[in-house]
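Trainee: Could you walk me through a structure, slowly, since I am new to this?
Mentor: Gladly; have a look at it before we talk.
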Amino acid sequence: SAFALDTDGKNLYVLDPPGNTVWVYQGDYGKFINSPAMFFGQQVPQNMGTSIDLAANNSDLYLLFEDGHVTACSASRFEGVPLRCSDPVTFVDNRPERQPGPEIADALFAQITFAAAPDPLVYMLEPLTRAVYFFSPRSNSLELRGQFRASVEQSNTLFNNAATAMTISPNRNIFFSIGYQVFFATNLP
């Protein structure tokens, strides 16, 4: 139902909710000719059938679920060291009167993507408010660093529907679509 290329371009991750797994194709310079391997061993996150999107950063995998929670898994590069997953991760929301927890109270995310070094960030699309939230990934949490959304004036004149998709370019421009229109913003962190 979704796929993601990790930030170093070596692995392609394919989300298979009905199969209760994520498949990993190891590649070499954009060629993925070998059969896939299952990402999860014994520790498969609960409710994989409700997963809707994924993002990858080398050996770290982030799964987004219908209810807005995220699972973060880190595969070891050392043989014999098991996969570690935080299910769910804790969202650390430092805005006034917000508490850390498994979700952001006023957001139901529909898409997740990862932008790599020099400042690795996880970006998540909230379609109803047409906002893109960005987070610093930690071992078992995502710390809210900010969000991008149109000004009230732009929102009232340009946007009539929910956002449908977003992506982050290598030079950190953000592109998002609303209906049949594509918008972009520059100077992202």
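Mentor: We can begin with the whole chain and then turn to single strands and residues, keeping in mind that this is a predicted model.

Trainee: OK, how many helices and strands does the chain have?
Mentor: There is one helix in the chain, together with 16 strands. The radius of gyration is 17 Å, close to the 16 Å that the globule rule gives for 189 residues, so the chain is as compact as a globular protein of that length. The C-alpha trace spans about 55 × 40 × 35 Å along its principal axes.

Trainee: And what share of the residues is buried?
Mentor: Of the 189 residues, 43% are buried. As for the surface, the chain exposes about 10600 Å², and carbon and sulfur atoms supply 51% of that area.

Trainee: What about charges, how many side chains are positive and how many negative?
Mentor: The chain carries 11 positive and 18 negative side chains, and the centres of these two sets lie 6 Å apart.

Trainee: Switching to the start of the chain, which residues of S1 are on its covered face?
Mentor: In strand S1, which covers residues 2-5, Ala2 and Ala4 form the covered face, while Phe3 and Leu5 form the uncovered one. This fits a general pattern, in which side chains of a regular strand alternate between the two faces of the sheet.

Trainee: Which strand does S1 pair with, and do they run parallel or antiparallel?
Mentor: S1 is joined by four bridges to strand S2, residues 11-16, and the two run antiparallel. Within this pair, Leu5 stands opposite Leu12 of S2. The hairpin has five residues between the strands, and Gly9 takes a positive phi near 75° there.

Trainee: Is Asn11 in S2 buried or exposed?
Mentor: Asn11, which lies in strand S2, counts as buried because its relative accessibility is 16%, and the cut-off for buried is under 20%. Leaving aside neighbours within four places in sequence, its contacts include Ala4, Val24, Tyr25 and Phe32.

Trainee: Back to phi, which residue other than glycine has a positive value near 60°?
Mentor: That is Asn47, placed in the loop between strands S4 and S5, and it counts as exposed at 53% relative accessibility. Arg130 also has a positive phi, of about 55°, although it is not a glycine. Arg130 sits in the loop between strands S11 and S12, and it is buried, with a relative accessible area of 16%.

Trainee: Last one, where is the cis peptide bond?
Mentor: The bond from Asp87 to Pro88 is cis, with omega near 0°, and Pro88 is found in the loop between strands S8 and S9.

Note on methods. Residues are numbered from 1 along each chain as its sequence is written. This is a predicted model: local features need pLDDT of at least 70, side-chain atom pairs count only at pLDDT 80 or more; totals for chains, interfaces and linings use all residues. Side-chain values use heavy atoms; hydrogens and water are left out. The radius of gyration is taken over C-alpha atoms; the globule rule is 2.2 Å times the number of residues to the power 0.38. Buried means under 20% relative accessible area, exposed over 50%, partly exposed in between (1.4 Å probe, protein chains only). Accessible areas come from the Shrake-Rupley method with a 1.4 Å probe; for residues, only the protein chains shown count as cover. Lys and Arg count as positive and Asp and Glu as negative; His and the chain ends are not counted. The place of a charge is taken as NZ of Lys, CZ of Arg, CG of Asp or CD of Glu. Two strands pair if DSSP finds at least two bridges between them. Contact means heavy atoms within 4.5 Å.
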